[in-house]
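Hi,

Here is the structure I promised to pass on. Have a look at it first, and then read my notes underneath.

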Amino acid sequence: MNDTLRIGSHTACVCFLALACSPSANGAPPPSAADYKAADALYEPNLIEFVKNQSVAANWLGQDGSFWYRRDLPDGEEYVRFGPEAGERTPLFDHVSLAEALGEALATHLGLDGPESLDPRPTPTDLGLSGVEYDDETTTLSATASISGESISVICTLEPMACEARAPEATIPGRLLSPDGRTAVVRRSDNLVVLDPEGGKRQLTRDGAPYYSYGALPENSLSAIPNRKSGVVLPPQATWSPDGRFLVASRVDERSLEPSPFVEWVPQDGSLRPLYHPIRSALPGEAGQVASELFVFEPASGRQARVVLPEPYEEGGTLVGWGLANREIFVLARTFGWKKAALLRVSLETGIGIPVIEEDAETRFETNTVLYNAPNLRVVGDGSEVVWYSDRTGWGHLYLYDAGTGDLKNAITEGEWAVADVVAIDEGRREIYFTGTAREKGRDPYHRHLYRAPLDGGDPILLTAEDADHDFAPQSTLAAGTPDPLRRVNLEAQVFIDTYSTVSSPPVTVLRSTEDGRLIAEVERADASALFEAGWQAPIRERVLAADGETALYANYYPPRRDIGSDRHPVIDAVYGGPQVFVTPRNFVEAYSSGNPRYESSLARLGFAVVTVDGRGTPGRSSAFRDAGYPEFTQVGIDDHIAAIKALAERHPEMDIDNVGIYGWSWGGTFSAQAILSRPEFYKVSVTGAGAYDYAALYAGFEPFTGVPTFEDGGHEQSTPQDRPTSWEALDVTAMADNLEGKMLIVYGDLDENVPPTQAFRLIDALTRADKRYDLMYLANRTHAGGYDPFTVHRTWDYFVEHLMAATPPEVDWGPETEEESKDG
């Protein structure tokens, strides 16, 4: 068994100041290089290919519920058809014949002697295709093949088998196609240009200007520097109407903003002189802020109208849906700080918005339990009704409104449980499909289940009975398309694909009836044998109580997996703690491939007892759970983490709660810094990366979570550049610098637009003024993703080994393993 899998060699230019290593205080043997490589093999990016068939992306074929999909093989892939009546899969085509036909076509197209000259050559288990589309009526397959870095379009008829290869159609970078694919809109010199099917160009706008651009992302969209360096041309920030007649696009005004400086100290283009990257952004309370407007265009006629929103709503807004029968759109608008929201009916002719639904919120109005998931708002009946989402009762639920009068027709869901994501709406049957949490009593409240409910009110019907998390892959707010992007629900055939798992049980994918959830057939049972053979072990899911002694929390515990010569192991708290997402894995895929925090299993392999938990102040539960401590949600979460770790230690005596460390990145960096500074008696070591330590010096936009800034004069704008919001004093982590007693490692990347380096500098300045010792790791040319760089990961492990285990980290050669290392691992 090969227990080592290289992440890759680091290339960061880093200054790492560390205190001298000390021998183990308790005589614990330090981890060896083989231990580090075994831990490295468990780092999430190294486990990507280790679980086969963990989900199914169904391509529906007809009313009988049959579908085709790509599935994993131990050494490749295959395309299969699944028939619900027989409950079995059969090959979609003859893979051997297709590989041969494909190879001949590609070789002919490239002018090669034969398929054997192709690199790579298509094989029955590795056709080398992407973007596969299949037409069952004509039995034709179209896809893209990549040969020696060249993309080639292929079209194959399967009966009889024959393939044709051709150069792909020339595409225009940054185009946004209309629904019929014939017309496109692009950005040119801050304006919008329409590209006609015949190849003509028509100027849609003419008054765009630098920093006053149509369809542009604002510069502080957190990725401006890599976008500039790569030369990528992004499509306009715009949306076509379903019939392709209208276009809604934004216009961003950044003219009043000052540039924030970013310096690429070691240019990656070989330049010797550092490169300056100015990014326009606004600080909270500054007079100049980013402004956005929405415009409605009719490209065929050239007509346009600016969307006009009534006071007190901010200009811009979010497009929710279309009511083409009455020539209108529906727009979600919110006030500054999100304490008031409205759904507005906007005329496509005049752009004037009229409020249909208005709602006030005590803390903030949100459209989903998780900020990054698509809003749970839907326009029904071409604009006659609206499905509205609100947590007005203390739990997130759905409501049906008359879109013309704004009258509430009925609550669609209700009770002490939460709607997670709207999955599909069957307008013909007047039914809605959604995932919900905490409705099935006695079960994990983070586990999702699929339900069907009448739009006109009535009890929801549970469609997924297993006590597990049923993953319906919610659509991101950044994605385009239907509410069910993976086509899990087939309303025509009245069936759906259900993939479920727990943190310890691999995914199972089944086909069910939408009528009552009855099982029609099992489709796939994920094969995780390679993952377990690599040494991965599932965490233990635990229920504990929060610091209030009443609220249930759900933690994942990763027991230590290395003998350190003691029955007591140092504890590490792996954290995020942001108010917009929860991060503790709830299913198998999340458990082995979590995004933030990472490497819990790796640290357990090194001998640490590792805990991940979402305390109060995070979403996914009730409003009271999310809003605990508002606006100072971090401290409530820290105290909940301490309570959870203490409770777990009573069940797991190997946990040494007198020796606790903590680490996190981004909002986890904020959490880990505040934890060691506010509770120094509990946390002894902290690795804090890319954290927001002083919101007053961070770009504006956090007001829904921190509250609108209030200054000394009672207003919400600065009088001088030195003015700080008095209402945010409790949120200032730098003000806690005097409390540092343990070991702190601060990590930052110099090209991080998400959390600019100034945040680290302000914490460094505060600790220096307080005459406190700290360690610093600077990541040259690294963006916000620098926390996942192999160098950063390995140095984090070093820091905990040195300061929690009191041991010396090993010297590790991250090149190819030797035979002896393989045996040791």
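How many residues lie between strand 31 and strand 32 in their hairpin, and which residue in the turn has a positive phi? Before the answer, some housekeeping: this is a predicted model, where local features need pLDDT of at least 70, side-chain atom pairs count only at pLDDT 80 or more, and totals for chains, interfaces and linings use all residues. Residues are numbered from 1 along each chain as its sequence is written, and side-chain values use heavy atoms, with hydrogens and water left out.

Now the hairpin: six residues sit between strand 31 and strand 32, and G457 in the turn has a positive phi of about 100 degrees. Strands here are DSSP runs of E with at least two residues, numbered from the N terminus, and two of them count as paired if DSSP finds at least two bridges between them. Strand 31 covers residues 449-454, and two bridges tie it to strand 32 (residues 461-462) in an antiparallel arrangement. In that pairing R452 stands opposite I461.

Strand 31 also pairs with strand 30 (residues 431-437), again antiparallel, through six bridges. There, E431 faces P454 of strand 31. Strand 31 is mostly covered, too: five of its six residues are buried (under 20% relative accessible area, with a 1.4 Å probe and protein chains only).

Next, the sheets. One is an open sheet of four strands in the order 25-26-27-28, with antiparallel pairing. Strand 25 (378-380) and strand 28 (408-411) are at its edges with a single partner strand each, so one side of each is left without a neighbour in the sheet. Neighbouring strands of this sheet are turned by 25 degrees against each other on average, direction ignored; the axes behind that angle are lines fitted to C-alpha atoms, and angles run from 0 to 180 degrees between N-to-C directions. Inside the sheet, strand 26 (residues 385-390) and strand 27 (residues 397-402) are joined antiparallel by six bridges, with Y389 opposite L398 in strand 27.

Another open sheet of four strands runs in the order 21-22-23-24, and its pairing is antiparallel as well. Its edges are strand 21 (318-323) and strand 24 (353-360); each has a single partner strand, so one side of each lacks a neighbour in the sheet. From one strand to the next, the twist averages 20 degrees. Strand 23 (residues 340-347) pairs antiparallel with strand 24 over seven bridges, and A341 is found opposite E359 in strand 24.

Cheers

Conventions:
Buried means under 20% relative accessible area, exposed over 50%, partly exposed in between (1.4 Å probe, protein chains only).
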